[in-house]
Amino acid sequence: MIVNNYALKNSIIFGGKKEIIKIIFIISLALAFSIGSYHISFKILHYFNSTEIIGTFLIVKLFSLIYLTFFSFIYFSNIITGLSTFYLSTDLNLYMSSPVSYYKIINKKYWDTFYQSSWMIIFVSLPIFFSLGKVINADIIFYLIIIFSFIPFVIISSIFGVITTGILAKAFSVRKTKWILFILGLAFGVGFYLFIRFLKPEQFVDPEKFLTLTSYLASLKSTDNIYLPTTWMLKITSLLMGRDYFNKDIIFYFLLLWTNVLFFYMVMSEILSRLYFSSWSKAQEGRQKRINLSWFKIGRASCRERV
């Protein structure tokens, strides 16, 4: 992350007018996207909140889908990015030849992976949280709690993705993982579609198909799983909507998220420290074979020219 910050600083100082215009354009585009996302989110949440009796439950149901989507995208994005940062990055030869422990290399590469793969989800989530706070007329404490709860939520899903990357790199050649990622992506798409169908989104617009309002509200709560970080984040969000910011359940789930970050981070460090060297060596062997083959082809071509 520090290296990326220095690269951005140098590009601004030494890049000239074109680089400055490019950065201004990207920032303007990001601001326009944030403003648009805020207005769209505000209209949707305001419409749900204005619905009598079931408005709050509709918002909670919507955020259940949002958190699951965020968790899934972060997980899969970290798998893809982790293959590049952990095994194919050009600076790994320097790190592996230095007297540095695997734990430090894994720590550095993890945060590089997290920075590259998760910043977009954090950026997209902010307008949604601010629009929710506007709808319920929340205080500043609401924003602090929900943002500092979302950070460990993102880290946990990122850690799961990196652990999956380490296992895949150990079991298969890194150079062949594009097929594995294709299969995972296909499975992710199918699984996500099935989950959407399981949620039955038509419930949002057709509650009359239920015999009673009680059965409808019960179905809205039927997909929660207490063992998932998405449920912990959803519990915090739903309790914050009641503006009881120091509720004991909010404190419990907040601490549960952060303690699980520490636990799974240690688990990730232990798993990767045992698998990393052999997996990295396998990736370099594949690269070396391709380099040798290219030089062999060049040598054969030069010999033919001489003949």
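This is a conversation about a predicted model of a single chain and how its helices fit together.

Colleague: What does the chain contain in the way of helices and strands?
Modeller: In this predicted model, the chain has ten helices and zero strands. Read from the N terminus on, the elements run α-α-α-α-α-α-α-α-α-α.

Colleague: How many residues does the chain have, and what share of them count as buried?
Modeller: The chain has 307 residues, and 38% of them count as buried.

Colleague: What share of the contacts join residues at least 24 apart in sequence?
Modeller: The share is 79%, taken among contacts between residues at least 6 apart in sequence.

Colleague: Let us turn to helix packing. At what angle do helix 3 and helix 6 pack?
Modeller: Helix 3 and helix 6, the latter covering residues 140-171, pack at an angle of about 45°, and their axes are 7 Å apart. Helix 3 is therefore oblique to helix 6. The crossing of these two helices is right-handed.

Colleague: Which classes of residue make up that contact of helix 3 with helix 6?
Modeller: The contact of helix 3 with helix 6 divides into 18 nonpolar residues, eight polar residues and no charged ones.

Colleague: And where do the axes of helix 3 and helix 9 stand relative to each other?
Modeller: The axes of helix 3 (residues 55-88) and helix 9 (residues 229-240) come within 9 Å and cross at roughly 145°. Helix 3 passes helix 9 in a right-handed crossing.

Colleague: Which residues meet there, between helix 3 and helix 9?
Modeller: From helix 3, the residues are Val-60, Phe-63, Ser-64, Tyr-67, Leu-68 and Phe-71; from helix 9, they meet Pro-229, Thr-230, Met-233, Leu-234, Thr-237 and Ser-238. By class, the contact of helix 3 with helix 9 has eight nonpolar, four polar and no charged residues.

Colleague: Now for single residues. Is Ser-149 buried or exposed?
Modeller: Ser-149 counts as buried because its relative accessibility is 0%, which is under the 20% limit for that class. Ser-149 lies in helix 6.

Colleague: What does Ser-149 touch?
Modeller: Leaving aside residues up to four places away in sequence, Ser-149 touches Met-233, Ile-236, Phe-254 and Leu-257. Met-233 is also one of the helix 9 residues that meet helix 3. In addition, a polar atom of the Ser-149 side chain lies 2.7 Å from the backbone oxygen of Ile-145.

Colleague: Where is Val-261 placed?
Modeller: Val-261 is in helix 10, which covers residues 248-306. With a relative accessibility of 8%, Val-261 counts as buried.

Colleague: Which residues does Val-261 touch?
Modeller: Not counting residues up to four places away in sequence, Val-261 touches Pro-152, Ile-155, Ile-156 and Ile-159. Between Val-261 and Ile-156 there are 5.7 Å in space, C-alpha to C-alpha, although the two are 105 residues apart in sequence.

Colleague: Moving to the loops, what is phi of Asn-137?
Modeller: Phi of Asn-137 is near 55°, a positive value in a residue other than glycine. Asn-137 lies in the loop between helix 5 (102-135) and helix 6. With a relative accessible area of 53%, Asn-137 is exposed.

Colleague: And what is phi of Arg-243?
Modeller: Phi of Arg-243 is near 60°, again a positive value in a residue other than glycine. The place of Arg-243 is the loop between helix 9 and helix 10. Arg-243 is partly exposed, with a relative accessible area of 40%.

Terms used: Residues are numbered from 1 along each chain as its sequence is written. This is a predicted model: local features need pLDDT of at least 70, side-chain atom pairs count only at pLDDT 80 or more; totals for chains, interfaces and linings use all residues. Side-chain values use heavy atoms; hydrogens and water are left out. Axes are lines fitted to C-alpha atoms, for helices over the stretch in contact, and angles run from 0 to 180 degrees between N-to-C directions. Helices (H or I, at least four residues) and strands (E, at least two) are DSSP runs, numbered from the N terminus. A crossing is left-handed if the near helix is turned anticlockwise from the far one by less than a right angle, and right-handed if clockwise. Contact means heavy atoms within 4.5 Å. Ala, Val, Leu, Ile, Met, Phe, Trp, Tyr, Cys and Pro count as nonpolar, Asp, Glu, Lys and Arg as charged, and the others, Gly among them, as polar. Buried means under 20% relative accessible area, exposed over 50%, partly exposed in between (1.4 Å probe, protein chains only). Angles under 35 degrees count as roughly parallel, over 145 as roughly antiparallel, 65 to 115 as roughly perpendicular and the rest as oblique. A polar contact is a pair of N or O atoms within 3.5 Å; within protein, one must be able to donate a hydrogen and the other to accept it, and residues adjacent in sequence count only if both atoms are side-chain atoms.
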